[in-house]
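Reader: I would like to go through this model and ask what stands behind each label. Short answers, please.
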Amino acid sequence: MPTEWPLRQDPEAPVIIALALVNDPDALGFVVLDDEDDWFISDGTELSDDVVVNRESFGKMSVREAFELLPQLGALAGLPTGMAADWDPERRTWLLSSVTGSDDEDEDIRLLSQRREAWKFAGSPDDEAQISTGLTEIPTGSQQPVRAVRQVVREQDGTWLFVGFEVPEAEDFEVEGLELEHVANLYPDVRTVLKAAPGQVYDRETPDAEWELVEG
């Protein structure tokens with residue numbers, strides 16, 4: 001285990017983990033980081049409404065123990081709360097997504113209201129933004145591609161598009177949907193252009209360059 005703790009959570013904080021992973025860490029399916037910054041780690045099994053079934057399928061361990069069992073968790077050190085990550089074992093890559101709700105509707109409404117009140121940018125934090133697929137992937141191998149936003153587009157209808165440097169200019173690319181606030185937390189340097197009006201496009205030549213308004 002590294003001498004410097006890689007995760008922001010307390011090493012002794014509890015996590016809920018699928019018991020199957022204790023004997024077979026390679027069965028890792030996905031993780032969720034809830035709004036309280038607590039981990040849920042699964043072999044692909046979802047939580048059930050049946051308490052007995054949950055007790056048979058899941059247990060608790062510390063974040064430290066979970067990291068020792070699954071060191072690839074270290075790549076998710078900067079994962080914002082309210083997000084999930086599917087594990088792709090062949091590519092040894094995390095595939096990120098936004099969690100869209102829980103079974104506690106009242107709590108979801110309360111948390112969303114708080115998020116909207118705290119949001120200081122255009123649009124709403126729960127708006128779905130389109131983001132180039134490479135920006136929703138976190139590889140854990142030795143080869144680490146540049147993960148940074150090259151272009152921010154505010155479409156005429158007010159929707160957002162974020163394009164990464166992994167996408168060659170003038171080439172087609174695939175996109176995924178993430179909540180706008182999650183994009184802003186994953187890539188905080190885009191916050192300075194989240195004031196964009198519909199029809200505006202911001203671009204930059206390198207990840208360290210200043211944003212330039214190129215359209216609108």
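Reader: Leaving aside its neighbours within four places in sequence, which residues is Gly-44 in contact with?

Author: This is a predicted model. In it, Gly-44 is in contact with Gly-29 and Phe-30, leaving aside neighbours within four places in sequence. Gly-44 sits in the loop between strand E3 (39-42) and helix H2 (51-57).

Reader: Why is Gly-44 called partly exposed?

Author: Its relative accessibility is 42%. Buried means under 20%, and exposed means over 50%. The value for Gly-44 falls in between, so the label is partly exposed.

Reader: What separates the C-alpha atoms of Gly-44 and Ala-18?

Author: A distance of 8.6 Å. Along the chain, the two residues are 26 residues apart.

Reader: Now Glu-137. Why does Glu-137 count as buried?

Author: Glu-137 has 16% relative accessibility. The cut-off for buried is under 20%. Therefore Glu-137 counts as buried. Glu-137 belongs to strand E8 (residues 137-139).

Reader: What makes the pairing of the Glu-137 and Arg-91 side chains a polar contact?

Author: The distance is 2.7 Å, side chain to side chain. A polar contact needs a pair of N or O atoms within 3.5 Å, one able to donate a hydrogen and the other to accept it. The pair qualifies, so it is listed as a polar contact.

Reader: Which residues does Glu-137 touch, not counting those up to four places away in sequence?

Author: Arg-91, Thr-93, Trp-94, Leu-95 and Arg-147. Arg-91 is thus both a polar partner of Glu-137 and on its list of contacts.

Reader: Where does Arg-92 lie, and what is notable about its phi?

Author: Arg-92 lies in the loop between strand E5 (83-88) and strand E6 (93-98). Its phi is near 50°, a positive value in a residue other than glycine.

Reader: Is Arg-92 buried, exposed or partly exposed?

Author: Partly exposed. Its relative accessible area is 43%, and the class in between starts where buried, under 20%, ends and stops where exposed, over 50%, begins.

Reader: What is the phi of Asp-37, and where is Asp-37 placed?

Author: Asp-37 has a positive phi of about 70°, although it is not a glycine. Asp-37 is in the loop between strand E2 (30-33) and E3. With a relative accessible area of 21%, Asp-37 is partly exposed, because buried requires a value under 20%.

Reader: Why is Gly-158 called buried?

Author: Its relative accessible area is 14%. That meets the cut-off of under 20%, so Gly-158 is buried. Gly-158 is in the loop between strand E9 (149-154) and strand E10 (160-164). The C-alpha atoms of Gly-158 and Ala-197 are separated by 7.5 Å, with their positions 39 residues apart along the chain.

Reader: On to the whole chain. How do you know that its radius of gyration agrees with a compact globule?

Author: A compact globule of 216 residues would have a radius near 17 Å. The protein chain has 19 Å, which agrees. Its C-alpha atoms fill a box of roughly 55 × 45 × 30 Å along the principal axes.

Reader: How many helices and strands are there, and what share of residues is buried?

Author: There are 5 helices and 13 strands. Buried residues make up 41% of the 216 residues.

Reader: How many positive and negative side chains does the protein chain have?

Author: There are 16 positive and 48 negative side chains. The centres of the two sets lie 5 Å apart.

Definitions and conventions: Residues are numbered from 1 along each chain as its sequence is written. This is a predicted model: local features need pLDDT of at least 70, side-chain atom pairs count only at pLDDT 80 or more; totals for chains, interfaces and linings use all residues. Side-chain values use heavy atoms; hydrogens and water are left out. Helices (H or I, at least four residues) and strands (E, at least two) are DSSP runs, numbered from the N terminus. Buried means under 20% relative accessible area, exposed over 50%, partly exposed in between (1.4 Å probe, protein chains only). Contact means heavy atoms within 4.5 Å. The radius of gyration is taken over C-alpha atoms; the globule rule is 2.2 Å times the number of residues to the power 0.38. Lys and Arg count as positive and Asp and Glu as negative; His and the chain ends are not counted. The place of a charge is taken as NZ of Lys, CZ of Arg, CG of Asp or CD of Glu.
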